Amino acid sequence: MSTLKFAVLGHPNEGKSSVVSTLTENERIRISPTPGETVRCNTFTIEVEDGATLEIIDTPGFQNPTATLAWFEQWQGHEAEMVDGYIEAHRNDPAFHHDLELMIPLKDRAGILYVADASRPLRESDRKEMEILRLIGLPRLALLNFKRDNRNFLPEWEEALKRRFNLIREFNAHQATFHQRMELFDALQHLVPDQASALKHIQNQMQENWQQRLQEAVSDIEAMLLRSLRHQVKLPFKETALLSDQQAAAIRKYQEDLKRFETQSRKQLRRLYRHDTLPGDDGEIDLVSEELFAEKVWKLLGLSRQQLMMTGLLTGAAAGVGADLATGGISFGVFTAGGALLGGIGAWIGAPKLGNKKIPFPGRRKWASEKVVVGPTKDPQLMFILLDRSLLYLFRLMNWAHARRDHETFLSGFSDEAGLVRAWPEHLRKLYVQWMKAHSKSGNGDAAILSRKFRNELTAWLSTQSREFSS
Ligand SMILES: Nc1nc2c(ncn2[C@@H]2O[C@H](COP(=O)(O)OP(=O)(O)OP(=O)(O)O)[C@@H](O)[C@H]2O)c(=O)[nH]1
Ligand SMILES: [Mg+2]
C-alpha cells in the first residue's frame, strides 16, 4: 500500500503548523506569530496500533506566488511533470527557497490541505496561490482556519475557493476537538476516494484509541481517589511540643499528600493525552480547608447539603456532623462546631488523635509510643471534590488543541468552574458513595466489583458527555 500523504500548504502565518500540530497531537511543533517560521518541509505522522501510518507534511508558506503562477501558466509540458519542471528551473535561486520546499511533497503526489485564515480579507496573492494549486491538479481541500472571530469575509473566501478546490471545510486549529478532527477525516475520505478505506481504517483505530485513553484516564483517576480515601498521616507524638501544633502539622501533611496525589495523577493524564508541557497546578485551593466547604463550592458541585441528605448520600460516617446539619448550620456543620477550624477539620477527616484512642488525660499512659493520626477521611464530600477536580482537569486536557501555546491560560478560572458531578445521574452518585464505603474497609469483598462497575459507568457517562463538552 502506498503511504498516505497530505501536505499542508498556504500563505505564511495562516496556521499551517498549527493544523499539523493539532492533527498529529504534537505540542512541540514550532508555531510563531512571525511569518516565515517554517522554512523546510517537515513530515509528521499519525501511526495507529497496527502500524498503519498517515503522513502530514508541514511546509513553508508561498514566497513568490506571482512569479510562480506565471511560471506554471506558461508550462507547455505534461501536467504530471510540471512540479518537477518548476523545481528544476528554480533549483539555484535562493529567492525561491520556500516555494521549492513546499513543492517537494507534491512531487510524491500528496493530497493538499490548503490552510487560509478566513477572518481576514482575501488578497490577490491568495487568489494566485489557489490558482497555482488548481493548476497542479492534485486532490485539494481548503481548510478555513479562523484566527479571529470574524466571519464577515467568509463569502468572498468561499467564492474564490469553490471554483478551485474539491472541498472546503472549517477547521480551527486552536480549538479543534477530537470530534472535529474525526470530521476532517471524513472529509479526507471524500477527497481521495481511492484511499478512503485506508483512511477509514486509521480513523477507526484513532477512535478506538481515544476510547481506550478515556478508560485509562478513568483508571488513573480511580487509583488517585483510592489512595486519597485510604490515606492516613501518623506523626510520632512529641511530649515537648503542644499537641495542637502537632495536630496542625499532621493536617498540613495530610493536605500536602492529597495535593501530591492529585499532581501525580494529573501528570499521568497529561502523558496520556500527549500534553506533557501543560501545567498541573491550579495553585489557589487547599484541598482540606474551610474554603472548600463554603456554599460556593457546594453550588459548583451541584450538591446541596439537603440534596445529599435527602438522597441518602451522606454516609453513616458523617453522623458526627449530623447534629449541626439538622440545626441548619450556616456552612458545613463541622466547621461551625465550636468555631475551631482545627477541631472542625479533625471531625471530618478523622480527629487528630493519639493512636486509635481518644487523647488521654496527661499522666494516664505513656506518651512515647503514641502518634498523632489524621485520616483516613470519613466523609464523602472531600471525595466528591477530588473526583470533580479530576474530571474538570481531564475535560480541559482532552479538549485542548495541541497547537495552542498559551499554556498559562490552561487552568484559568479552574476553581470557579461548575463541576461535572452536578450533571451526573443519581445512580452514578450513589454508586460512587457505595464505592467509597466498600473501599474504606479493608477486605471488603465487593470492592473489586464496585470498582469495575464504577469505572465502566463513569467511562460510559464521560463518553456521552465528551461531544457536548468538546464543542
Ligand atoms: N487564535 C488563533 N491563532 C492562530 C490560529 N492558527 C494560528 N494562529 C496563530 O497564528 C500564528 C501563525 O501560526 P502558525 O501555525 O505558526 O502558522 P504557519 O502558517 O505555520 O506560519 P509560517 O510557518 O510562518 O508560514 C501563530 O501566532 C498562531 O498562534 C487559530 O486557529 N486561532
Ligand atoms: Mg509554520
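Student: In this predicted model, in which sense do β2 and β3 pair, parallel or antiparallel?
Tutor: Six bridges join β2 and β3. Within this pair, T43 stands opposite I57 in β3. The sense of the pairing is antiparallel.

Student: Which residue takes a positive phi in the hairpin of β2 and β3?
Tutor: The hairpin has five residues between the strands. The positive phi lies near 95°, and the residue that takes it is G51.

Student: Which residue in β3 does F6 stand opposite?
Tutor: Strand β1 covers residues 4–10 and strand β3 residues 53–58. The two run parallel and are joined by five bridges. Opposite F6 in β3 stands I56.

Student: Which strands stand at the edges of the sheet, and why is one side of each left without a neighbour?
Tutor: The sheet is open, has six strands with mixed pairing, and follows the order β2-β3-β1-β4-β5-β6. Each edge strand has a single partner strand, so one side of it is left without a neighbour in the sheet. These edge strands are β2 (42–47) and β6 (167–170).

Student: By what angle are neighbouring strands of this sheet turned against each other on average?
Tutor: The average is taken over neighbouring strands with direction ignored. The angle is 25°.

Student: Over how many bridges do β4 and β5 pair?
Tutor: Strand β4 spans residues 111–116 and strand β5 residues 140–144, paired in the parallel sense. In this pair, Y114 stands opposite A142 in β5. The number of bridges is five.

Student: What angle does the direction of helix α7 make with that of β6?
Tutor: Helix α7 (residues 178–191) packs on the sheet. The strands touched by α7 are β4, β5 and β6. With the direction of β6, the direction of α7 makes about 175°.

Conventions
Residues are numbered from 1 along each chain as its sequence is written. Chains are lettered from A and ligands numbered from 1 in the order in which they are written. This is a predicted model: local features need pLDDT of at least 70, side-chain atom pairs count only at pLDDT 80 or more; totals for chains, interfaces and linings use all residues. Two strands pair if DSSP finds at least two bridges between them. Helices (H or I, at least four residues) and strands (E, at least two) are DSSP runs, numbered from the N terminus. Axes are lines fitted to C-alpha atoms, for helices over the stretch in contact, and angles run from 0 to 180 degrees between N-to-C directions. Two residues are in contact if their C-beta atoms, placed from the backbone, lie within 7 Å.
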